[in-house]
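Work through these exercises with the sequence and the model side by side. Try each task before reading its solution.

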Amino acid sequence: MRGASPFSAVAALVALLLSGAVVRADAPVVIPAGDRPVDPSPSIHRIELDAWKAREAAGWAPWADPRDLPTQPLAGAPGGPSREVHGYHPYWMGSAYAGYDWSLLSTVAFFSLELHWSGIIVNDHGWPWTGLVSAAHAGGTRVLVTATLFSQAEITSLLSSPANRATAVANLVTAVTDGGADGVNIDFEGVSGSQKTNLLLFMDELGAALSGALADPYVSIATPAVDWSDAFDYDELEARTDHLMIMAYDYHWTSAPTTGPVAPLSGWDPYNVPWTVADYQSSGATPGGMLLGVPYYGYRWPAASGDPGSATTGSATARTYDQAYSEAATHGRLWDAESRTPWYRYESPGWTQCWYEDAESLALKYAYAEAESLAGVGIWALGYDGARPELWAALRDAFGTASAAAPVALPGAGARLGLPFPNPFRGAVGVPFHLTNASPARLTIHDASGRLLRVLSSGEFAAGMHRATWNESAASAFPAGVYFLRLEAEGTVSSRRLVRVK
(Lines give C-alpha, C1' and ligand atoms only; values in the text may rest on other atoms or scores of the structure.)
Protein backbone atom coordinates (compact mmCIF):
# COMPACT_ATOMS: atom_id res chain seq x y z
CA MET A 1 0.00 0.00 0.00
CA ARG A 2 1.21 3.52 -0.76
CA GLY A 3 2.51 5.68 2.07
CA ALA A 4 -0.16 7.70 3.89
CA SER A 5 -0.04 11.22 5.30
CA PRO A 6 -0.82 10.68 8.99
CA PHE A 7 -3.33 12.70 10.96
CA SER A 8 -2.83 13.25 14.68
CA ALA A 9 -5.67 10.95 15.70
CA VAL A 10 -4.50 7.92 13.75
CA ALA A 11 -2.03 6.48 16.25
CA ALA A 12 -4.50 6.53 19.11
CA LEU A 13 -7.26 4.96 17.04
CA VAL A 14 -4.98 2.23 15.70
CA ALA A 15 -3.81 1.40 19.21
CA LEU A 16 -7.44 1.12 20.25
CA LEU A 17 -8.26 -1.15 17.32
CA LEU A 18 -5.32 -3.46 17.93
CA SER A 19 -5.93 -3.64 21.66
CA GLY A 20 -9.07 -5.75 21.18
CA ALA A 21 -11.21 -3.22 23.03
CA VAL A 22 -14.87 -2.95 22.07
CA VAL A 23 -15.43 0.10 19.90
CA ARG A 24 -18.85 1.66 20.24
CA ALA A 25 -20.69 3.83 17.75
CA ASP A 26 -21.71 7.38 18.48
CA ALA A 27 -25.30 8.55 18.33
CA PRO A 28 -26.35 9.72 14.86
CA VAL A 29 -24.72 12.98 13.88
CA VAL A 30 -27.12 15.84 13.25
CA ILE A 31 -26.61 17.00 9.68
CA PRO A 32 -27.23 20.68 8.94
CA ALA A 33 -30.08 21.29 6.53
CA GLY A 34 -27.69 23.02 4.12
CA ASP A 35 -25.65 19.82 3.87
CA ARG A 36 -28.53 17.73 2.48
CA PRO A 37 -28.59 18.19 -1.27
CA VAL A 38 -30.64 15.78 -3.33
CA ASP A 39 -28.74 12.53 -3.80
CA PRO A 40 -27.10 12.31 -7.25
CA SER A 41 -28.43 9.85 -9.77
CA PRO A 42 -27.58 6.40 -8.40
CA SER A 43 -24.67 4.59 -9.99
CA ILE A 44 -24.85 1.18 -11.62
CA HIS A 45 -23.28 -0.22 -8.43
CA ARG A 46 -26.16 1.02 -6.29
CA ILE A 47 -28.87 0.27 -8.86
CA GLU A 48 -27.87 -3.35 -9.17
CA LEU A 49 -27.26 -3.89 -5.46
CA ASP A 50 -30.76 -2.57 -4.72
CA ALA A 51 -32.30 -4.64 -7.53
CA TRP A 52 -30.75 -7.91 -6.37
CA LYS A 53 -31.65 -7.26 -2.75
CA ALA A 54 -35.24 -6.75 -3.92
CA ARG A 55 -35.09 -10.12 -5.69
CA GLU A 56 -33.88 -11.70 -2.46
CA ALA A 57 -36.77 -10.15 -0.57
CA ALA A 58 -39.11 -11.66 -3.18
CA GLY A 59 -37.71 -15.14 -2.65
CA TRP A 60 -34.62 -15.42 -4.86
CA ALA A 61 -31.82 -17.30 -3.05
CA PRO A 62 -28.24 -16.20 -3.76
CA TRP A 63 -25.32 -18.58 -4.14
CA ALA A 64 -24.04 -19.88 -0.80
CA ASP A 65 -20.26 -19.91 -1.13
CA PRO A 66 -18.38 -22.00 1.46
CA ARG A 67 -17.70 -19.90 4.57
CA ASP A 68 -15.77 -22.34 6.73
CA LEU A 69 -13.17 -23.92 4.44
CA PRO A 70 -9.51 -23.03 5.02
CA THR A 71 -8.39 -20.46 2.47
CA GLN A 72 -5.25 -20.82 0.42
CA PRO A 73 -2.59 -18.13 0.74
CA LEU A 74 -1.94 -15.85 -2.21
CA ALA A 75 0.27 -17.72 -4.67
CA GLY A 76 3.24 -16.11 -6.31
CA ALA A 77 1.85 -16.15 -9.84
CA PRO A 78 4.33 -16.89 -12.65
CA GLY A 79 2.67 -14.36 -14.93
CA GLY A 80 -0.33 -12.13 -14.51
CA PRO A 81 -1.49 -9.11 -16.49
CA SER A 82 1.04 -6.50 -17.57
CA ARG A 83 -1.04 -3.79 -15.87
CA GLU A 84 -3.37 -3.82 -12.90
CA VAL A 85 -6.74 -5.41 -13.78
CA HIS A 86 -9.19 -4.86 -10.92
CA GLY A 87 -12.54 -6.62 -11.32
CA TYR A 88 -15.65 -6.56 -9.13
CA HIS A 89 -17.36 -9.84 -8.32
CA PRO A 90 -20.92 -9.00 -7.15
CA TYR A 91 -22.39 -11.52 -4.74
CA TRP A 92 -25.29 -12.15 -7.15
CA MET A 93 -22.86 -13.56 -9.71
CA GLY A 94 -22.44 -16.55 -7.41
CA SER A 95 -20.08 -19.24 -8.66
CA ALA A 96 -19.30 -17.44 -11.93
CA TYR A 97 -15.78 -17.00 -10.55
CA ALA A 98 -15.15 -20.66 -11.43
CA GLY A 99 -14.89 -19.52 -15.07
CA TYR A 100 -12.61 -16.51 -14.53
CA ASP A 101 -9.20 -16.41 -16.18
CA TRP A 102 -7.15 -15.55 -13.09
CA SER A 103 -4.04 -14.99 -15.20
CA LEU A 104 -5.74 -11.81 -16.48
CA LEU A 105 -6.87 -10.48 -13.08
CA SER A 106 -4.54 -8.92 -10.54
CA THR A 107 -7.38 -8.08 -8.10
CA VAL A 108 -10.93 -9.30 -7.53
CA ALA A 109 -13.14 -7.21 -5.23
CA PHE A 110 -16.01 -9.05 -3.55
CA PHE A 111 -19.11 -6.83 -3.71
CA SER A 112 -20.13 -6.08 -1.05
CA LEU A 113 -20.13 -5.56 2.70
CA GLU A 114 -22.84 -2.98 3.38
CA LEU A 115 -21.96 -0.51 6.11
CA HIS A 116 -24.27 1.38 8.47
CA TRP A 117 -23.60 4.95 9.60
CA SER A 118 -22.50 3.55 12.96
CA GLY A 119 -19.74 1.51 11.31
CA ILE A 120 -21.31 -1.91 11.73
CA ILE A 121 -21.71 -4.24 8.74
CA VAL A 122 -25.45 -4.65 8.22
CA ASN A 123 -25.25 -7.16 5.36
CA ASP A 124 -22.16 -9.21 4.50
CA HIS A 125 -23.87 -11.18 1.68
CA GLY A 126 -22.41 -14.44 2.89
CA TRP A 127 -18.83 -13.27 3.41
CA PRO A 128 -16.37 -14.95 3.95
CA TRP A 129 -16.46 -16.59 0.52
CA THR A 130 -13.66 -19.08 1.05
CA GLY A 131 -14.23 -20.75 -2.32
CA LEU A 132 -13.72 -17.44 -4.13
CA VAL A 133 -10.66 -16.57 -2.05
CA SER A 134 -9.00 -19.95 -2.58
CA ALA A 135 -9.66 -19.94 -6.35
CA ALA A 136 -8.32 -16.40 -6.73
CA HIS A 137 -5.28 -17.00 -4.56
CA ALA A 138 -4.40 -20.19 -6.40
CA GLY A 139 -4.34 -18.09 -9.58
CA GLY A 140 -2.17 -15.38 -8.03
CA THR A 141 -5.03 -12.86 -7.77
CA ARG A 142 -5.49 -10.79 -4.60
CA VAL A 143 -8.95 -10.53 -3.04
CA LEU A 144 -10.54 -7.41 -1.57
CA VAL A 145 -13.78 -6.85 0.29
CA THR A 146 -15.76 -3.87 -1.01
CA ALA A 147 -17.30 -1.70 1.69
CA THR A 148 -20.38 0.14 0.38
CA LEU A 149 -22.39 3.08 1.68
CA PHE A 150 -24.61 5.02 -0.72
CA SER A 151 -26.55 7.50 1.44
CA GLN A 152 -25.12 10.99 1.82
CA ALA A 153 -26.67 11.40 5.25
CA GLU A 154 -25.27 8.09 6.48
CA ILE A 155 -21.85 8.76 4.97
CA THR A 156 -21.74 12.09 6.80
CA SER A 157 -22.74 10.40 10.07
CA LEU A 158 -20.03 7.79 9.60
CA LEU A 159 -17.18 10.03 8.50
CA SER A 160 -17.77 12.92 10.89
CA SER A 161 -17.62 10.69 13.99
CA PRO A 162 -14.24 9.34 15.19
CA ALA A 163 -15.98 6.49 17.04
CA ASN A 164 -18.09 5.53 14.03
CA ARG A 165 -15.00 5.53 11.80
CA ALA A 166 -13.17 3.37 14.34
CA THR A 167 -16.05 0.89 14.40
CA ALA A 168 -16.09 0.66 10.60
CA VAL A 169 -12.31 0.21 10.44
CA ALA A 170 -12.35 -2.49 13.11
CA ASN A 171 -15.15 -4.39 11.38
CA LEU A 172 -13.50 -4.18 7.96
CA VAL A 173 -10.13 -5.38 9.28
CA THR A 174 -11.88 -8.31 10.97
CA ALA A 175 -13.73 -9.15 7.74
CA VAL A 176 -10.46 -9.14 5.81
CA THR A 177 -8.53 -11.26 8.28
CA ASP A 178 -11.36 -13.71 8.99
CA GLY A 179 -11.95 -14.22 5.27
CA GLY A 180 -8.30 -14.58 4.26
CA ALA A 181 -8.55 -11.49 2.00
CA ASP A 182 -5.80 -9.06 1.08
CA GLY A 183 -7.37 -5.64 1.51
CA VAL A 184 -10.34 -3.34 1.05
CA ASN A 185 -12.04 -1.41 -1.72
CA ILE A 186 -14.06 1.57 -0.46
CA ASP A 187 -17.18 2.48 -2.44
CA PHE A 188 -18.85 5.50 -0.83
CA GLU A 189 -21.17 7.31 -3.24
CA GLY A 190 -22.94 10.58 -2.49
CA VAL A 191 -20.15 11.95 -0.28
CA SER A 192 -20.76 15.56 0.73
CA GLY A 193 -18.10 18.16 0.06
CA SER A 194 -18.11 18.90 3.79
CA GLN A 195 -16.64 15.43 4.37
CA LYS A 196 -13.59 15.75 2.11
CA THR A 197 -11.13 15.92 5.01
CA ASN A 198 -12.94 13.29 7.06
CA LEU A 199 -12.79 10.89 4.11
CA LEU A 200 -9.02 11.32 4.03
CA LEU A 201 -8.85 10.73 7.78
CA PHE A 202 -10.93 7.55 7.40
CA MET A 203 -8.61 6.27 4.66
CA ASP A 204 -5.60 7.02 6.89
CA GLU A 205 -7.13 5.08 9.75
CA LEU A 206 -8.13 2.15 7.55
CA GLY A 207 -4.69 1.95 5.94
CA ALA A 208 -2.89 2.08 9.28
CA ALA A 209 -5.09 -0.63 10.80
CA LEU A 210 -4.68 -2.92 7.78
CA SER A 211 -0.91 -2.41 7.88
CA GLY A 212 -0.99 -3.57 11.49
CA ALA A 213 -2.94 -6.71 10.56
CA LEU A 214 -1.47 -7.77 7.18
CA ALA A 215 2.05 -7.93 5.83
CA ASP A 216 1.18 -6.31 2.50
CA PRO A 217 -2.36 -4.89 2.45
CA TYR A 218 -3.94 -3.39 -0.66
CA VAL A 219 -6.43 -0.52 -0.54
CA SER A 220 -8.38 1.02 -3.42
CA ILE A 221 -11.27 3.46 -3.54
CA ALA A 222 -14.00 3.84 -6.15
CA THR A 223 -14.05 7.44 -7.35
CA PRO A 224 -16.50 9.26 -9.64
CA ALA A 225 -16.30 10.17 -13.31
CA VAL A 226 -17.41 13.69 -12.32
CA ASP A 227 -17.05 14.89 -8.72
CA TRP A 228 -20.23 16.95 -8.54
CA SER A 229 -19.91 17.67 -4.80
CA ASP A 230 -16.15 18.41 -4.73
CA ALA A 231 -15.82 15.65 -2.13
CA PHE A 232 -12.86 13.65 -3.47
CA ASP A 233 -9.35 15.05 -3.02
CA TYR A 234 -7.82 12.94 -5.76
CA ASP A 235 -4.12 13.52 -5.11
CA GLU A 236 -4.50 13.05 -1.35
CA LEU A 237 -6.60 9.90 -1.84
CA GLU A 238 -3.97 8.58 -4.23
CA ALA A 239 -1.35 9.04 -1.49
CA ARG A 240 -3.45 6.93 0.88
CA THR A 241 -4.31 4.06 -1.47
CA ASP A 242 -2.73 1.72 -3.95
CA HIS A 243 -5.08 2.88 -6.71
CA LEU A 244 -8.07 5.08 -7.46
CA MET A 245 -10.68 2.92 -9.21
CA ILE A 246 -12.27 5.56 -11.45
CA MET A 247 -15.88 4.70 -12.29
CA ALA A 248 -15.51 6.01 -15.84
CA TYR A 249 -19.05 5.06 -16.81
CA ASP A 250 -22.66 6.21 -16.35
CA TYR A 251 -21.97 9.35 -18.43
CA HIS A 252 -25.50 8.61 -19.63
CA TRP A 253 -27.40 7.19 -16.69
CA THR A 254 -30.71 5.47 -16.05
CA SER A 255 -32.75 8.67 -15.88
CA ALA A 256 -30.72 10.61 -18.47
CA PRO A 257 -32.82 13.01 -20.58
CA THR A 258 -31.29 11.63 -23.79
CA THR A 259 -29.93 8.34 -25.03
CA GLY A 260 -26.20 8.02 -25.49
CA PRO A 261 -23.01 6.15 -24.64
CA VAL A 262 -22.40 4.89 -21.13
CA ALA A 263 -18.65 5.53 -21.47
CA PRO A 264 -17.81 7.76 -24.46
CA LEU A 265 -14.15 7.67 -25.42
CA SER A 266 -14.49 10.95 -27.31
CA GLY A 267 -17.14 13.50 -28.26
CA TRP A 268 -20.50 13.81 -26.53
CA ASP A 269 -19.24 16.96 -24.82
CA PRO A 270 -18.65 18.14 -22.28
CA TYR A 271 -18.02 14.94 -20.32
CA ASN A 272 -16.28 11.83 -21.59
CA VAL A 273 -13.51 9.46 -20.50
CA PRO A 274 -10.55 11.67 -21.53
CA TRP A 275 -12.19 14.65 -19.76
CA THR A 276 -12.32 12.60 -16.56
CA VAL A 277 -8.69 11.51 -16.77
CA ALA A 278 -7.59 15.08 -17.49
CA ASP A 279 -9.67 16.33 -14.55
CA TYR A 280 -7.95 13.89 -12.21
CA GLN A 281 -4.53 14.96 -13.44
CA SER A 282 -5.37 18.65 -13.13
CA SER A 283 -6.25 17.90 -9.50
CA GLY A 284 -2.85 16.38 -8.85
CA ALA A 285 -3.48 12.66 -9.39
CA THR A 286 -0.84 10.81 -11.39
CA PRO A 287 -1.41 8.22 -14.14
CA GLY A 288 0.31 5.57 -12.04
CA GLY A 289 -2.35 5.92 -9.35
CA MET A 290 -5.36 5.57 -11.66
CA LEU A 291 -7.38 2.58 -12.81
CA LEU A 292 -9.75 3.26 -15.71
CA GLY A 293 -13.04 1.62 -14.79
CA VAL A 294 -14.83 0.12 -17.80
CA PRO A 295 -18.42 -1.14 -18.12
CA TYR A 296 -19.40 -4.69 -18.98
CA TYR A 297 -22.98 -3.44 -19.27
CA GLY A 298 -25.22 -0.96 -21.06
CA TYR A 299 -28.48 0.94 -20.61
CA ARG A 300 -31.64 0.34 -22.64
CA TRP A 301 -34.01 3.34 -22.80
CA PRO A 302 -37.46 3.93 -24.29
CA ALA A 303 -36.83 6.74 -26.74
CA ALA A 304 -38.71 9.36 -28.72
CA SER A 305 -37.00 8.28 -31.97
CA GLY A 306 -34.30 6.03 -33.33
CA ASP A 307 -31.76 8.84 -33.66
CA PRO A 308 -28.62 8.86 -31.47
CA GLY A 309 -29.10 11.27 -28.59
CA SER A 310 -32.88 11.11 -28.86
CA ALA A 311 -34.97 12.25 -25.90
CA THR A 312 -35.73 9.41 -23.53
CA THR A 313 -39.35 8.70 -22.62
CA GLY A 314 -38.64 6.76 -19.44
CA SER A 315 -35.90 5.31 -17.27
CA ALA A 316 -33.38 2.83 -18.61
CA THR A 317 -32.99 -0.83 -17.77
CA ALA A 318 -29.44 -2.06 -17.22
CA ARG A 319 -28.32 -4.83 -19.58
CA THR A 320 -25.28 -7.02 -19.00
CA TYR A 321 -22.89 -7.48 -21.91
CA ASP A 322 -24.23 -11.00 -22.46
CA GLN A 323 -27.80 -9.68 -22.72
CA ALA A 324 -26.87 -6.69 -24.89
CA TYR A 325 -24.81 -8.85 -27.27
CA SER A 326 -27.76 -11.18 -27.86
CA GLU A 327 -30.18 -8.31 -28.42
CA ALA A 328 -27.76 -6.52 -30.76
CA ALA A 329 -27.45 -9.72 -32.81
CA THR A 330 -31.24 -9.72 -33.16
CA HIS A 331 -31.78 -6.03 -33.91
CA GLY A 332 -28.52 -5.10 -35.64
CA ARG A 333 -25.36 -3.77 -34.00
CA LEU A 334 -24.58 -0.14 -34.84
CA TRP A 335 -21.34 1.77 -34.24
CA ASP A 336 -21.16 5.35 -32.99
CA ALA A 337 -17.90 6.73 -34.43
CA GLU A 338 -17.99 9.80 -32.20
CA SER A 339 -18.00 7.93 -28.89
CA ARG A 340 -16.39 4.75 -30.27
CA THR A 341 -19.07 2.57 -28.72
CA PRO A 342 -21.70 0.15 -30.06
CA TRP A 343 -25.47 0.49 -29.77
CA TYR A 344 -28.67 -0.88 -31.26
CA ARG A 345 -32.27 0.23 -31.69
CA TYR A 346 -35.65 -1.23 -32.56
CA GLU A 347 -39.25 -0.11 -32.85
CA SER A 348 -41.94 -2.22 -31.14
CA PRO A 349 -44.15 -0.19 -31.33
CA GLY A 350 -42.22 2.76 -29.83
CA TRP A 351 -38.49 3.22 -30.17
CA THR A 352 -35.98 1.56 -27.86
CA GLN A 353 -32.23 2.25 -27.83
CA CYS A 354 -29.48 0.40 -25.98
CA TRP A 355 -25.93 1.72 -25.66
CA TYR A 356 -23.33 -0.70 -24.32
CA GLU A 357 -19.69 -1.84 -24.61
CA ASP A 358 -18.21 -4.78 -26.47
CA ALA A 359 -14.80 -6.22 -27.30
CA GLU A 360 -14.07 -3.54 -29.91
CA SER A 361 -14.92 -0.55 -27.72
CA LEU A 362 -13.18 -2.05 -24.68
CA ALA A 363 -10.03 -2.72 -26.71
CA LEU A 364 -9.94 0.99 -27.57
CA LYS A 365 -10.27 1.89 -23.90
CA TYR A 366 -7.48 -0.50 -22.97
CA ALA A 367 -5.29 1.09 -25.65
CA TYR A 368 -6.17 4.51 -24.24
CA ALA A 369 -5.17 3.40 -20.72
CA GLU A 370 -1.86 2.16 -22.09
CA ALA A 371 -1.25 5.29 -24.17
CA GLU A 372 -1.90 7.47 -21.11
CA SER A 373 0.36 5.26 -18.93
CA LEU A 374 -2.47 4.57 -16.47
CA ALA A 375 -1.85 1.90 -13.83
CA GLY A 376 -4.48 -0.31 -15.40
CA VAL A 377 -8.22 -0.86 -15.63
CA GLY A 378 -11.16 -1.86 -13.47
CA ILE A 379 -14.22 -3.87 -14.51
CA TRP A 380 -17.87 -3.55 -13.51
CA ALA A 381 -18.61 -6.35 -13.37
CA LEU A 382 -17.00 -9.75 -13.77
CA GLY A 383 -19.34 -12.46 -14.97
CA TYR A 384 -21.48 -10.06 -17.00
CA ASP A 385 -20.15 -11.65 -20.19
CA GLY A 386 -21.75 -15.00 -19.32
CA ALA A 387 -20.09 -17.79 -21.27
CA ARG A 388 -18.94 -15.52 -24.09
CA PRO A 389 -15.12 -15.46 -24.59
CA GLU A 390 -14.46 -12.22 -26.47
CA LEU A 391 -14.13 -9.87 -23.49
CA TRP A 392 -11.48 -12.14 -21.98
CA ALA A 393 -9.77 -12.15 -25.36
CA ALA A 394 -9.75 -8.33 -25.42
CA LEU A 395 -8.13 -8.29 -21.96
CA ARG A 396 -5.60 -10.87 -23.07
CA ASP A 397 -4.72 -8.93 -26.21
CA ALA A 398 -4.20 -5.76 -24.19
CA PHE A 399 -2.66 -6.94 -20.91
CA GLY A 400 -2.00 -10.67 -21.10
CA THR A 401 1.58 -11.64 -20.42
CA ALA A 402 1.73 -13.39 -23.78
CA SER A 403 0.67 -10.26 -25.67
CA ALA A 404 1.32 -7.10 -23.70
CA ALA A 405 4.50 -7.94 -21.83
CA ALA A 406 5.93 -9.71 -24.90
CA PRO A 407 5.00 -9.69 -28.59
CA VAL A 408 2.75 -12.33 -30.14
CA ALA A 409 1.15 -13.27 -33.44
CA LEU A 410 4.39 -12.90 -35.41
CA PRO A 411 6.52 -16.08 -35.20
CA GLY A 412 9.88 -15.21 -33.71
CA ALA A 413 8.88 -11.57 -33.38
CA GLY A 414 10.44 -9.29 -30.81
CA ALA A 415 8.52 -6.10 -31.61
CA ARG A 416 4.85 -5.24 -31.41
CA LEU A 417 2.90 -2.31 -32.82
CA GLY A 418 0.17 -1.29 -30.40
CA LEU A 419 -3.27 0.12 -31.11
CA PRO A 420 -3.15 3.75 -32.29
CA PHE A 421 -5.41 6.09 -30.33
CA PRO A 422 -7.72 7.70 -31.23
CA ASN A 423 -8.67 5.77 -34.33
CA PRO A 424 -10.41 7.17 -36.38
CA PHE A 425 -8.77 10.52 -35.61
CA ARG A 426 -9.07 14.16 -36.63
CA GLY A 427 -5.97 15.79 -35.15
CA ALA A 428 -3.11 14.06 -33.40
CA VAL A 429 -2.91 10.30 -33.00
CA GLY A 430 -0.66 8.41 -30.57
CA VAL A 431 1.06 5.22 -31.71
CA PRO A 432 2.50 2.88 -29.02
CA PHE A 433 5.05 0.21 -29.88
CA HIS A 434 6.94 -2.33 -27.81
CA LEU A 435 10.47 -3.72 -28.21
CA THR A 436 11.62 -6.79 -26.32
CA ASN A 437 15.29 -5.88 -26.78
CA ALA A 438 17.23 -2.70 -27.43
CA SER A 439 17.12 -2.35 -31.18
CA PRO A 440 16.98 0.01 -34.16
CA ALA A 441 13.35 0.66 -35.10
CA ARG A 442 11.56 2.57 -37.84
CA LEU A 443 7.89 3.58 -37.62
CA THR A 444 6.36 4.91 -40.84
CA ILE A 445 2.99 5.84 -42.29
CA HIS A 446 1.80 4.83 -45.76
CA ASP A 447 -1.22 5.43 -47.96
CA ALA A 448 -3.55 2.66 -49.12
CA SER A 449 -1.31 1.94 -52.12
CA GLY A 450 1.71 1.39 -49.86
CA ARG A 451 3.45 4.70 -50.74
CA LEU A 452 5.61 6.05 -47.91
CA LEU A 453 4.21 9.35 -46.63
CA ARG A 454 6.09 10.10 -43.43
CA VAL A 455 8.61 8.65 -40.99
CA LEU A 456 7.12 9.03 -37.52
CA SER A 457 10.06 7.67 -35.56
CA SER A 458 13.44 6.18 -36.41
CA GLY A 459 16.60 5.36 -34.48
CA GLU A 460 18.01 3.25 -31.67
CA PHE A 461 15.47 2.41 -28.93
CA ALA A 462 15.77 0.77 -25.53
CA ALA A 463 13.72 -2.31 -24.68
CA GLY A 464 10.21 -1.51 -23.47
CA MET A 465 7.19 0.54 -24.49
CA HIS A 466 7.55 3.65 -26.68
CA ARG A 467 5.08 6.12 -28.15
CA ALA A 468 5.17 8.23 -31.31
CA THR A 469 2.69 10.93 -32.34
CA TRP A 470 1.37 12.01 -35.72
CA ASN A 471 0.50 15.55 -34.76
CA GLU A 472 -2.08 17.93 -36.14
CA SER A 473 0.31 19.99 -38.28
CA ALA A 474 1.74 16.89 -39.97
CA ALA A 475 -1.58 15.08 -40.36
CA SER A 476 -3.35 18.12 -41.82
CA ALA A 477 -1.24 17.85 -44.97
CA PHE A 478 -3.10 14.65 -45.89
CA PRO A 479 -6.75 14.13 -46.80
CA ALA A 480 -9.28 12.05 -44.91
CA GLY A 481 -8.94 8.38 -45.70
CA VAL A 482 -7.34 5.07 -44.79
CA TYR A 483 -3.63 4.91 -43.93
CA PHE A 484 -1.31 2.18 -42.65
CA LEU A 485 1.29 2.29 -39.89
CA ARG A 486 4.36 0.10 -40.36
CA LEU A 487 6.88 -0.89 -37.67
CA GLU A 488 10.22 -2.42 -38.69
CA ALA A 489 12.25 -3.66 -35.72
CA GLU A 490 14.03 -6.75 -34.37
CA GLY A 491 13.90 -8.44 -37.77
CA THR A 492 10.11 -8.22 -38.08
CA VAL A 493 7.50 -6.03 -39.73
CA SER A 494 4.03 -5.32 -38.33
CA SER A 495 1.30 -2.94 -39.42
CA ARG A 496 -1.93 -1.31 -38.26
CA ARG A 497 -4.79 0.33 -40.11
CA LEU A 498 -5.45 4.00 -39.36
CA VAL A 499 -8.38 6.20 -40.43
CA ARG A 500 -8.20 10.00 -40.66
CA VAL A 501 -11.50 11.92 -40.69
CA LYS A 502 -12.17 15.61 -41.29
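## Exercise 1: A helix pair

The crossing of α5 and α6 is right-handed. This is a predicted model.

**Task.** Find which residues of α5 and α6 make the contact, and sort them by class.

**Solution.**
- Step 1. Locate the helices. Helix α5 spans residues 162–179 and helix α6 spans residues 196–213.
- Step 2. Check the geometry. The two axes come within 10 Å and cross at roughly 35°.
- Step 3. List the α5 side. R165, A168, V169, L172, V173, V176 and T177 make the contact there.
- Step 4. List the α6 side. N198, L201, F202, E205, L206, A209, L210 and A213 complete the contact.
- Step 5. Explain the spacing. An α-helix has 3.6 residues a turn, so residues three or four places apart point the same way.
- Step 6. Sort by class. The contact has eleven nonpolar, two polar and two charged residues.

## Exercise 2: The whole chain

**Task.** Describe the protein by its secondary structure, burial, contacts and exposed surface.

**Solution.**
- Step 1. Count the elements. There are twelve helices and 21 strands.
- Step 2. Take the burial. Of the 502 residues, 54% count as buried.
- Step 3. Look at contacts with a separation of 6 or more. Residues 24 or more positions apart account for 71% of them.
- Step 4. Turn to the surface. The protein exposes about 19,200 Å², and carbon and sulfur atoms supply 54% of that area.

## Exercise 3: Nonpolar cores

**Task.** How many residues has the largest nonpolar core, and which have the most contacts inside it?

**Solution.**
- Step 1. Recall the background. In soluble globular proteins, nonpolar side chains tend to be buried together.
- Step 2. Size the core. The largest one has 112 residues.
- Step 3. Name its best-connected members. They are W127, I186, F188, F202, Y366, W380 and L395.
- Step 4. Trace the main contributor. Helix α6 gives the largest share of this core, seven residues.
- Step 5. Look for another core. A second, separate one has 21 residues, including L443, A468, L485 and L498.
- Step 6. Follow L498 to a distant partner. F425 and L498 are 73 residues apart in sequence, yet their C-alpha atoms are 8.2 Å apart.
- Step 7. Place F425. This residue sits in the loop between β15 (415–417) and β16 (429–435). Its relative accessibility is 1%, so F425 counts as buried.

## Exercise 4: An enclosed helix

**Task.** Why is helix α11 described as largely enclosed by the rest of the structure?

**Solution.**
- Step 1. Count the buried positions. Seven of the ten residues of α11 (residues 390–399) are buried, so the helix is largely enclosed.
- Step 2. Name them. They are E390, L391, W392, A394, L395, A398 and F399.
- Step 3. Identify the cover. It includes β1 (84–90), α9 (321–331), α10 (359–371) and β14 (376–380).
- Step 4. Add a loop residue. L104 lies between β1 and β2 (107–115). At a relative accessible area of 3%, L104 is buried.
- Step 5. List the partners of L104. Beyond four places in sequence, they are P81, V85, W392, L395, R396 and G400.
- Step 6. Compare sequence with space. L104 and A393 are 289 residues apart in sequence and 9.8 Å apart in space, C-alpha to C-alpha.

## Exercise 5: Backbone details

**Task.** Where do the cis peptide bonds from S348 and from W380 lead, and what is phi of H125 and of S373?

**Solution.**
- Step 1. Start at S348. Its cis bond leads to P349, with omega near -15°. P349 is in the loop between β12 (341–347) and β13 (351–355).
- Step 2. Go to W380. Its cis bond leads to A381, with omega near 0°. A381 is in the loop between β14 and α11.
- Step 3. Check the surroundings of W380. Outside four places in sequence, its contacts include I44, H45, Y88, W92, F111 and Y249.
- Step 4. Read phi of H125. The value is near 50°, positive in a residue other than glycine. H125 lies in the loop between β3 (121–123) and α3 (130–138).
- Step 5. Read phi of S373. The value is about 60°, again positive without a glycine. S373 lies in the loop between α10 and β14.
- Step 6. Decide on burial, with the cut-off under 20%. H125 has 8% relative accessible area, so H125 is buried. S373 has 44%, so S373 counts as partly exposed.

Notes:
Residues numbered from 1 in each chain as written. Predicted model: local features only at pLDDT ≥ 70, side-chain atom pairs only at ≥ 80, totals over all residues. Heavy atoms only, no water. Axes fitted to C-alpha atoms, helices over the stretch in contact; angles between N-to-C directions. Helix = DSSP H or I, 4+ residues; strand = E, 2+ residues; numbered from the N terminus. Left-handed = near helix turned anticlockwise from the far one by under 90°. Contact = heavy atoms within 4.5 Å. Nonpolar A, V, L, I, M, F, W, Y, C, P; charged D, E, K, R; others polar. Buried < 20%, exposed > 50% of the residue type's maximum accessible area, 1.4 Å probe, protein only. Areas by Shrake-Rupley, 256 points an atom, 1.4 Å probe, with all protein chains shown as cover. Core = buried A, V, L, I, M, F, W, Y, C linked by side-chain atoms within 4.5 Å.
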